[in-house]
Amino acid sequence: MDSEVASILQEIAADRSHGASWLSRRALEALRLAAERAEADSPRTLLTALVMVAGRLSEARSSMPGIANYSRRFLSHVREARRTTGDVEGLRACAIGRAQELARAAEKALTDLVQLASTIIRYGDWVLTCSYSSTVCQALLAAHERGKRFAVVAVESKHGGRAYGEAVAQALQHRDIVVELVADRQVAERMSRVARVLVGTDAILRDGSLVNGVPTLEVALAAERYDVPLYSLCETSKFHLHGEFKVEEGFQRVPPHLVTCTVTEEGVMDPKGAAAHIRGLLRAEGTTPGST
């Protein structure tokens with residue numbers, strides 16, 4: 001395996017600073033590099049090398065289905081091209097092009113999601129968020145650029161010796177957005193003044209529940225208690241389609257009845273709508289939906 005591809009694999013496996021969207025794009029970069037640099041004397045050996053890299057990427061962060069989903073789409077296209085391409089360099093060019101197409105699609109999905117999410121925020125809102133999500137930060141910044149003035153409650157979200165809420169505060173305060181950093185234990189008492197909750201999402205599961213960093217479950221329970229709507233921000237590439245799902249340490253599963261809506265690049269879906277969307281994706285693949 002190429003040394004830079006191996007380095008990206010290690011980076012993805014160890015990274016605890018970036019969100020699932022960023023890591024998915026890094027995975028696509030690894031696939032592009034693998035296609036570009038793999039030593040192969042035939043289309044078959046090139047495909048074998050790419051299958052190995054895609055498998056390693058999917059295993060690196062199994063709780064982030066966006067990586068596996070993009071890897072699966074990449075391999076599906078390359079396998080199809082293999083049937084009609086007898087030249088290794090032709091297949092290589094096809095694989096590189098597909099990785100680049102998926103990377104552009106990932107960027108567009110994120111941009112569309114951010115713009116839609118920014119419309120949810122109202123002038124004068126107090127918006128609460130937890131963990132760290134670059135998608136949430138971008139949505140808040142986009143709302144600010146629209147002329148909306150609001151304030152943000154960033155829950156410290158302490159885990160593994162880090163306070164992820166501090167990263168949220170740093171990302172927003174330099175744009176003159178008011179941010180109040182609160183301890184995890186203060187979530188319930190602070191929720192009474194909040195208009196809405198926005199959280200990032202590492203995965204949407206087949207029942208419409210979401211997975212995100214701690215303390216998202218505690219935030220969701222407090223939001224339910226105070227009747228505050230909770231929106232998860234999630235590209236459809238992060239919808240979990242295949243296999244069992246194991247929640248990583250430092251992450252939590254939030255049941256669907258605590259989620260108001262999931263904002264995606266394709267629109268806003270309630271948990272039942274998200275679950276139906278996943279069933280539709282599985283039917284399109286010819287896969288029988290199973291339990292999560």
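Which residue lies over the face of Trp126, and at what distance from the ring centre? The legends below, written for a predicted model, begin with the view that answers this.

**Figure 1. Arginine side chains over the ring of Trp126.** Arg190 is the residue that lies over the face of Trp126, at 4.5 Å from the ring centre. A second arginine, Arg193, places its charged end over the ring of Trp126 as well, 5.3 Å from the centre. Trp126 falls within strand β1, which spans residues 126–129. Aromatic pairs are absent from the model, the count by the rule applied being zero.

**Figure 2. The largest nonpolar core.** This core comprises 39 residues. The members that touch the most other members are Ile12, Leu31, Leu50, Leu57, Ile67, Phe74 and Val78. At least two core residues are supplied by each of α1 (3–14), α2, α3 (43–60), α4 (65–84) and α5 (88–118). Helix α2 contributes the largest share, nine residues. As a general tendency, nonpolar side chains of soluble globular proteins are buried together.

**Figure 3. The largest cavity and its lining.** One cavity of 30 Å³ or more is present in the structure, and the largest cavity holds about 40 Å³ of space. Its lining is formed by Ala20, Ser21, Ser24, Arg25, Tyr70, Ala106, Glu235, Ser237 and Lys238. Helix α2 (residues 20–37) gives the most to this lining, namely four residues. By class, the lining of the cavity is divided into three nonpolar, three polar and three charged residues.

**Figure 4. The largest pocket and its lining.** About 330 Å³ of space lies in this pocket. The lining consists of 29 residues, and those nearest the pocket centre are His18, Ser131, Tyr132, Asp202 and Phe251. Two or more lining residues come from each of α2, α6 (134–145) and β8 (210–213). With three residues, α2 gives the most to the lining of the largest pocket. The classes represented in the pocket lining are nonpolar, with eight residues, polar, with 15, and charged, with six. Helix α2 thus recurs across the views: it gives the most to the lining of the largest cavity and to that of the largest pocket, and it supplies the largest share of the largest nonpolar core.

**Figure 5. Positive phi at Ser131.** Ser131, one of the residues nearest the centre of the largest pocket, has a positive phi of about 60 degrees although it is not a glycine. Ser131 belongs to the loop between β1 (126–129) and α6. Is Ser131 buried or exposed? Ser131 counts as buried because its relative accessibility is 11%, under the 20% limit that defines the term.

**Figure 6. Positive phi at Ser157.** Ser157 is a residue other than glycine with a positive phi, near 55 degrees. The loop that contains Ser157 runs between β2 (151–155) and β3 (158–159). Relative accessibility is 0% at Ser157, and the residue therefore counts as buried.

**Figure 7. The cis peptide bond between Val214 and Pro215.** The bond joining Val214 and Pro215 is cis, with omega about 5 degrees. Pro215 is found in the loop between β8 and α9 (216–225). Strand β8 (210–213) is also among the elements that give two or more residues to the lining of the largest pocket.

**Figure 8. Asp112 and Thr264.** Asp112 and Thr264 are 152 residues apart along the chain, and their C-alpha atoms are separated by 8.1 Å. Asp112 lies in helix α5, one of the helices that supply at least two residues to the largest nonpolar core. How exposed is Asp112 by relative accessible area? Asp112 has a value of 30% and is therefore partly exposed.

**Figure 9. Arg122 and Arg206.** Arg122 is placed in the loop between α5 and β1. Arg122 has a relative accessible area of 45% and is partly exposed. From C-alpha to C-alpha, Arg122 and Arg206 are 31 Å apart in space, with their positions 84 residues apart in sequence.

Note on methods: Residues numbered from 1 in each chain as written. Predicted model: local features only at pLDDT ≥ 70, side-chain atom pairs only at ≥ 80, totals over all residues. Heavy atoms only, no water. 1 Å grid on protein atoms, 1.4 Å probe; cavity = no way out; pocket = protein on both sides within 12 Å on 5 of 7 lines; lining within 4 Å. Points joined across faces, edges and corners; volume = space filled by probe spheres on them. Nonpolar A, V, L, I, M, F, W, Y, C, P; charged D, E, K, R; others polar. Phe/Tyr/Trp six-rings, centres within 6.5 Å; stacked < 30°, edge-to-face > 60°. Lys NZ or Arg CZ within 6 Å of the ring centre and 35° of its normal. Core = buried A, V, L, I, M, F, W, Y, C linked by side-chain atoms within 4.5 Å. Buried < 20%, exposed > 50% of the residue type's maximum accessible area, 1.4 Å probe, protein only.
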